[in-house]
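These entries record what I looked up in one structure. I took the cysteines, the aromatic rings and the nonpolar surface in turn.

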Amino acid sequence: METITGIILFTSFFFLLWFGAPIAIAIILSSVIAFLFVLPFDVAIMTAAQRMITGIDNFTMLAIPLFVLSGVIMNAGGIALRLVNLAKLLVGRLSGSMAHTNVVGNMLFGAIAGSSVASAAAIGRIMTPMQDKEGYKRTYSAAVNIASAPTGLIIPPSSVVIVYSLASGGTSVAALFMAGYIPGILWGLGVMIVAYFMARKENYPVSSPPSLKKAMKIIGDAIPSLLLIVIVIGGIIAGIFTATEGAAVAVLYATILSLLHKRLRLQDMPMILKETIEITGMILFLITASALFSLVMSYLALPQAISNALLSITENQIGILLIMIATLLLVGTFMDITPGVLIFTPIFLPVAETFQMDPVHFGMILCFSLCIGNMTPPVGSALFVGATVAEVRIEQVVRTLIPFFAIVTFVLLLITFIPQISLFLPRLFGL
């Protein structure tokens, strides 16, 4: 009966997606339908309702709206331009310097904002006109922006790894934060390598270096923004505050800094709070729906069944990891990162643990794989925002994105089969 119900669960889920149901609604309805096959109607409905409430009744979960709020405040407070200027100073002497500036700008701003959409929009709006003036093709500019925007989902502080921490049963958030630095930087460097060779082929110009006085001013302007990462991550690692308290510190710091920059007015706060509520509501609704989905899978023992099925195909660790990666890359093309993490963590983590894989290492593989979906059709949010900002059609930019997708997938394989890439920093700090 459990096998038949499991088939009903996934069949109804994909059926609802096929007919255009919002993913959270598809998750909830398919979960309830499956429950009705194994439980009485009143018990199924009551259990579903209780699980959806308890799914977000967690103190750590409070870090998500707070990090979202700090990112929205930073976006409104004129932080992006200062970070773009710093990025240009760092990589301005490379071929296609504006493209590299875009990548580094996304890495810096994304790490602060924690959102690929915010990065693609904020950095893209600044960089697209600058690249137009220097003769860059719009499809190239858009592709670089789209491919590098998701780095902010990996480089901490990141709400994605907080969701994974909850789904995995309490993996250390501090360890996950530290594990994200090297993979996120490698993602950005991979994009820069492809951008460099494409820029050489198109003979795109190199920026002229600024004077020493101007360079020092650029660095001075950017340091206060970068200190947010140092304060939040440093405080969490040192045990001064939890991830949730660190998120509250980030909100306070971002607000003070934006007010000092005189780019944020108190009368702007209602709109900032409105945007935060909209983003947070969407994320938490997905989380509460996915919590119900996970409960149904646990009740039906589906994670164990899928684990046994994978191990029956092959007991070779490399083969199983490649199957999981291929599945996650495919899922990432049509599913948002948050439900993807919540649904596939309980399915794949037990399989990974049979090989004694560190849950922090597996978390990086899972999150990195799903984040790649941000830059791929049909539902990549960074893809849509980046194309809209650059005023190009999706089909125009997808072809240019292919080499970037290839290099980022190669980085994913490095992270998968070289655990030290993810685990070096957590172990260095004793996490």
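**Entry 1: cysteines.** I began with cysteine 367, which counts as buried at 1% relative accessibility. I note here that the model is a predicted one. I then looked up cysteine 371, and this residue also counts as buried, its relative accessibility being 0%.

How many disulfides does the structure hold? My search returned zero. Cysteine 367 takes part in no disulfide, and the cysteine sulfur nearest to its own, that of cysteine 371, is 6.3 Å away. I checked from the other side as well: for cysteine 371 the closest cysteine sulfur is in cysteine 367, and at 6.3 Å this is too far for a bond. The cut-off I applied is 2.5 Å between the sulfur atoms.

**Entry 2: aromatic pairs.** I searched the whole structure for aromatic pairs and obtained six. One of them joins tyrosine 136 and tyrosine 140, with 6.0 Å from centre to centre and 25 degrees between the planes, and it is stacked. I recorded both of these tyrosines as buried.

I then looked up the rings of tyrosine 196 and phenylalanine 197. Why is this pair edge-to-face? The planes stand at 80 degrees, with the centres 5.4 Å apart, so I entered the pair as edge-to-face; the angle required is over 60 degrees. I looked up the exposure of each partner separately. Tyrosine 196 has a relative accessible area of 25% and is therefore partly exposed. Phenylalanine 197, at 56%, is exposed; the boundary for that class is over 50%.

**Entry 3: nonpolar surface.** I next looked up a nonpolar patch on the surface and noted an area of about 680 Å². Its residues are Ile25, Leu29, Ile33, Leu36, Phe37, Phe41, Ile45 and Phe285.

Which element gives the largest share of the patch? I found that α2 does, with four residues. Both α2 (23–36) and α3 (41–54) contribute at least two residues each.

Where does phenylalanine 37 lie? I placed this residue in the loop between α2 and α3. Its relative accessible area is 45%, so I recorded phenylalanine 37 as partly exposed.

**Entry 4: summary.** I close with zero disulfides, six aromatic pairs and a nonpolar surface patch of about 680 Å².

Conventions: Residues are numbered from 1 along each chain as its sequence is written. This is a predicted model: local features need pLDDT of at least 70, side-chain atom pairs count only at pLDDT 80 or more; totals for chains, interfaces and linings use all residues. Side-chain values use heavy atoms; hydrogens and water are left out. Rings of Phe, Tyr and Trp (its six-membered ring) pair if their centres lie within 6.5 Å; planes under 30 degrees apart count as stacked, over 60 as edge-to-face and the rest as tilted. Buried means under 20% relative accessible area, exposed over 50%, partly exposed in between (1.4 Å probe, protein chains only). Patches are made of residues with over 30% relative accessible area and no salt bridge: like charges are joined within 9 Å, nonpolar side chains (Val, Leu, Ile, Met, Phe, Trp, Tyr) within 5 Å. Accessible areas come from the Shrake-Rupley method with a 1.4 Å probe; for residues, only the protein chains shown count as cover. A salt bridge is a side-chain nitrogen of Lys or Arg within 4 Å of a carboxyl oxygen of Asp or Glu.
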